Protein chains: 2
Amino acid sequence: MATSDATAVIGITIRDVAREAGVSTATVSRALRGLPNVDPVTREHVKRVADRLDYVISPAASRLASGRAGSIAVITPFLARWYFSKVLHGVERILQRSDLDLLLYSTGDPSEVHRVPPHRRLRRRVDAVLVIGLPVDSPDLQELFELDLPVTLIGAHSAGVSSVSIDDVEGGRMATQHLVNLGHERIGLISGRPLPTPFFPENDRLSGYQQALSASGLVVDQQLQVPGFFTIEGGEHAMTAQLAQPKPPTAVFAMSDEMAFGALRALRRHGLQPGRDVSIVGFDGHEMADLLDLTTVCQPAEDLGALAARCLLDLLDDPSIEPQAKRLPTQLYVRGSTAIRGAAHPVSLPRHGNDAKP
Amino acid sequence: MATSDATAVIGITIRDVAREAGVSTATVSRALRGLPNVDPVTREHVKRVADRLDYVISPAASRLASGRAGSIAVITPFLARWYFSKVLHGVERILQRSDLDLLLYSTGDPSEVHRVPPHRRLRRRVDAVLVIGLPVDSPDLQELFELDLPVTLIGAHSAGVSSVSIDDVEGGRMATQHLVNLGHERIGLISGRPLPTPFFPENDRLSGYQQALSASGLVVDQQLQVPGFFTIEGGEHAMTAQLAQPKPPTAVFAMSDEMAFGALRALRRHGLQPGRDVSIVGFDGHEMADLLDLTTVCQPAEDLGALAARCLLDLLDDPSIEPQAKRLPTQLYVRGSTAIRGAAHPVSLPRHGNDAKP
DNA sequence: GGAGGGGATGACAGCGCTTACAAAGGGGCT
DNA sequence: AGCCCCTTTGTAAGCGCTGTCATCCCCTCC
């Protein structure tokens, strides 16, 4: 291969800059990368020449020579769901300022059949990995750890791995306690998957739920815990199942806003009014929660992503940093979907949620 | 630098595979990449050896030698908004099967101050570019074209550039015609930005809106066109502004579901009921539209992304393919937020005097 | 004034692939 | 039998950087 003429249309190389600036390629490399031990005058000169020639470094060459991949992978099961897109946004914002490329890998639902296992693709391709909300016991993740790359987990945590998440136990407790405080005693739960996954948000939220109930001397009833799979439809089905019980709950904590939205729809379909007939608390702080007047536990998803990205960048700078699990606070936003138990009337059957004016 | 011992911990190289398989590195390269003119037996053998050694090609080396960047950039202004995250998901799904890396670049709102202009970062770094929903007149995009890379636009179109989008004129017409058919005569519009952008969805939707009105002999009233900036809040403000008019519209077409959601909230805040008092049509097919009983023009966002990715892959395969503008169909979903004008009661005044439920 | 030190620069050998080109072998065909 | 062509394989020259090492030069200090 090879065009021996370096000035060809293909592109300006470091050699062209070196020649033009009257220095060696090594000096150009050092000057442009901000390395120490370069005369400020030389550096300025080189920079100016590079600019004038419109020189752009060849990432491939640089990577090959330096052994660094120059990019980091972001692995997420979903792209179009609230939490994941928010986190990704935060990550991107930070990474954009670094000179690392952001390689996006979506795995799809962990339960699905995989297309290409990420670790296979990641080898020699990235310097570090950011994982959004994948269960730690996922085989993919295990193989990822074996790649021996710096990893930061978002929304999950694991011993010996740096992570950024919220305090899900506290979040679950907060949501449930709110319902308890309103006088509710039969408090249902719309959880994620049927089988709990260790070290994963849903377990912690479940713990918080259980703790809040127990602390108030309430019974933790397995019948009142229905999986909603973190989707709107799932939430709707779960709520419908709750309502179908012989003794339905008077309040429900849904582990995500999207499931809570589904629950709201189920209520509407049953002619029930959120807050008055059944109280609902969500989890996330979805923009739509305000719209639907849903009480919810807000989590700073975008900040989680940004913080995780910063951690990873730091880790890349100084690999000796001990991994640590950082937490960001959550906050309860109380809205109309929760109310004192039996505040207005016992269950009645209005058609649609809209009340008359005073 | 340089460990001369290739079998070092650093990694297995093509040379190791070649030695182990008893062939030359060239043959290994050819065999592994599926190039023609390799004896099937040799190929199988090489593959087996490579597998056994757990060999992974070094992208950097491959890219440097071949001159291909091995990755494509996806540029999007937003990550966490419905349309963009859906499209991105579609793109990712297709690209995952290719051996190209997906580099994610979010520009933020085009009106914002930029961090790093994308084209600066893209040079020598990607083989092709996928642009989601950026106005064609954006300076960024212009400089992008000058990079002379294969480009595919999603949700916009431009002469000489391949693109994938919906028929926004038809979509706007469909939404508006629906309202006309229901007997509405004062039909408001919640648009995107105040100033129209050439070749951009909002202009086409606007055209569709105008066409539908004109075709039915209705007046196109500038006063009834309010920008909503494609956000919930923007939609709410816009709707509020519509209601504050001396002669408010009886129906409104919002150019996105998120703005329509905001409009719904504005209605609620004014004690008005969607469908009965004011009809609202959205645009997108957001999951939440079903929940909120919003009539909307559905667009297949994920399919748009997938199709665009396929186009770009094809273009990369065969650069001689003529750029073409592909379109995907939209579909009107009629729900409760639109109804025959004055079906229940004649139009009541927005501010006060709202009657109770039947 | 000479030795020693340190900052600035240059020379150059790779990094691990790809690919033109050359070479070798194996038929089919005349 | 000899020729030609095609398939398969090997050889080796880069791709455009980085990093080590050597060199040079200017200062400082004794």
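In this predicted model, a backbone N or O atom of B:I14 sits 2.7 Å from a phosphate oxygen of DNA strand C. The side chain of B:Y55 also reaches a phosphate oxygen of the strand, with an N or O atom at 2.8 Å. A base is approached too: a polar backbone atom of B:A61 lies 3.4 Å from a base nitrogen of DNA strand C.

**Surface near DNA strand C**

- Both chains contribute elements that give two or more residues: α2 (25-33) and α4 (59-66) from chain A, and α1 (14-21), α2 (25-33) and α4 (59-66) from chain B.
- The top contributor is α4(B), with five residues.
- In total, 34 residues surround the strand.
- The closest are A:S24, A:T27, A:T42, B:I14 and B:S29.
- By class, 14 residues are nonpolar, 13 are polar and seven are charged.
- Of the strand's atoms within 4 Å of the protein, 71% belong to sugar or phosphate, and the rest belong to bases.

**Helix pair in chain B**

- Helix α10 (residues 232-243) and helix α11 (residues 257-269) of chain B have axes that come within 6 Å.
- The axes cross at roughly 50°, so α10(B) and α11(B) are oblique to each other.
- The crossing of α10(B) past α11(B) is right-handed.
- From α10(B), the contact uses B:I232, B:E233, B:G235, B:E236, B:M239, B:T240 and B:L243.
- From α11(B), the contact residues include B:E258, B:M259, B:G262 and B:R269.
- The contact residues divide into seven nonpolar, three polar and five charged.

Key: Residues numbered from 1 in each chain as written. Chains lettered and ligands numbered in written order. Predicted model: local features only at pLDDT ≥ 70, side-chain atom pairs only at ≥ 80, totals over all residues. Heavy atoms only, no water. Near = heavy atom within 4 Å. Polar contact = N/O pair within 3.5 Å; in protein donor to acceptor, adjacent residues only side chain to side chain. Helix = DSSP H or I, 4+ residues; strand = E, 2+ residues; numbered from the N terminus. Nonpolar A, V, L, I, M, F, W, Y, C, P; charged D, E, K, R; others polar. Axes fitted to C-alpha atoms, helices over the stretch in contact; angles between N-to-C directions. Parallel < 35°, antiparallel > 145°, perpendicular 65-115°, else oblique. Left-handed = near helix turned anticlockwise from the far one by under 90°. Contact = heavy atoms within 4.5 Å.
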